[in-house]
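Colleague: I would like a close look at a single part of this model, set against the rest of the chain. Please keep it plain.

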Amino acid sequence: MGIKMSPLIQGTRILRRFTNSGSVPQGHCAVYVGESLKKRFVVPISYLSQPLFQDLLTQAQEQFGFDHPMGGLTIPCKEDVFVDLTSRLRS
């Protein structure tokens, strides 16, 4: 029987692995978004505390676990949905 972690803790563990890759400003992380073609976005880490973003992280965990095919955090949703959602978040 495993211990269930909150999406925030899971997201933090995922992001620790990816925040130092590429040219990402401090306090941000790169994510790849899309269903077939993936587009790279750089988002503030503060999004981790937002319930809507946590839902996306939960979806990513359900689909990919911790093995993300792009080498970074991959979020399986349509690009326009991601842009709309993140435009409503406060950093």
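In which loop does Pro-76 lie?

Modeller: Pro-76 lies in the loop between E3 and H3. Before the details, a word on the source: this is a predicted model, in which local features need pLDDT of at least 70, side-chain atom pairs count only at pLDDT 80 or more, and totals for chains, interfaces and linings use all residues. Residues are numbered from 1 along each chain as its sequence is written, and side-chain values use heavy atoms, with hydrogens and water left out.

The protein has three helices and three strands, where helices (H or I, at least four residues) and strands (E, at least two) are DSSP runs numbered from the N terminus. Along the sequence they follow the pattern α-β-β-α-β-α.

Pro-76 is counted as buried because its relative accessibility is 16%; buried means under 20% relative accessible area, exposed over 50%, and partly exposed in between (1.4 Å probe, protein chains only). Leaving out residues up to four places away in sequence, Pro-76 touches Gly-34, Gln-59, Ala-60, Gln-63 and Phe-64, a contact being heavy atoms within 4.5 Å. The C-alpha atoms of Pro-76 and Glu-35 are separated by 5.6 Å, although the two residues are 41 residues apart along the chain. For the protein as a whole, 56% of the contacts with a separation of 6 or more are between residues 24 or more positions apart.

Next along the chain comes Cys-77, which is buried at a relative accessible area of 7%. Cys-29 is also buried, at 1%. A search of the whole structure finds zero disulfides, a disulfide here being a pair of cysteine sulfur atoms within 2.5 Å.

Ile-75 is among the residues that touch the most other members of the largest nonpolar core, along with Val-31, Val-33, Val-43, Phe-53, Leu-56 and Phe-82; this core has 16 residues. At least two of its residues come from each of strand E1 (28-33), strand E2 (39-44), helix H2 (51-64), strand E3 (73-75) and helix H3 (79-87). A nonpolar core is a set of buried Ala, Val, Leu, Ile, Met, Phe, Trp, Tyr and Cys residues joined through side-chain atoms within 4.5 Å. In soluble globular proteins, nonpolar side chains tend to be buried together. Val-31 shows how these elements meet: apart from neighbours within four places in sequence, Val-31 is in contact with Lys-39, Arg-40, Phe-41, Val-43, Leu-73, Ile-75 and Phe-82.

On the other side of the loop in sequence, helix H3 takes part in a salt bridge, in which the side chains of Glu-79 and Lys-39 meet at 3.5 Å, N to O. This pair links distant parts of the chain, with Glu-79 in helix H3 and Lys-39 in strand E2, 40 residues apart. The rule for a salt bridge is a side-chain nitrogen of Lys or Arg within 4 Å of a carboxyl oxygen of Asp or Glu, and by this rule the count comes to two. Glu-79 is partly exposed at 34%, and Lys-39 is partly exposed at 41%. The other salt bridge joins Arg-88 and Asp-84, whose closest N and O atoms are 3.2 Å apart. Here Arg-88 counts as exposed because its relative accessibility is 53%, while Asp-84 is partly exposed at 41%.

Val-83 also lies in helix H3 and is partly exposed, with a relative accessible area of 41%. Its C-alpha is 9.4 Å from that of Phe-41, and the two are 42 residues apart in sequence. Pro-44, in strand E2, is buried at 16%; the C-alpha atoms of Pro-44 and Gly-27 are separated by 5.9 Å, at 17 residues apart along the chain.

As for confidence, pLDDT is the predictor's confidence in each residue, from 0 to 100. The protein's mean pLDDT is 75, and 67% of its residues reach 70 or more. Among the elements, E2 has the highest mean (90) and helix H1 (residues 7-18) the lowest (50). Over residues 14-20 pLDDT stays under 50, and the model has 15 contacts for them beyond four places in sequence.
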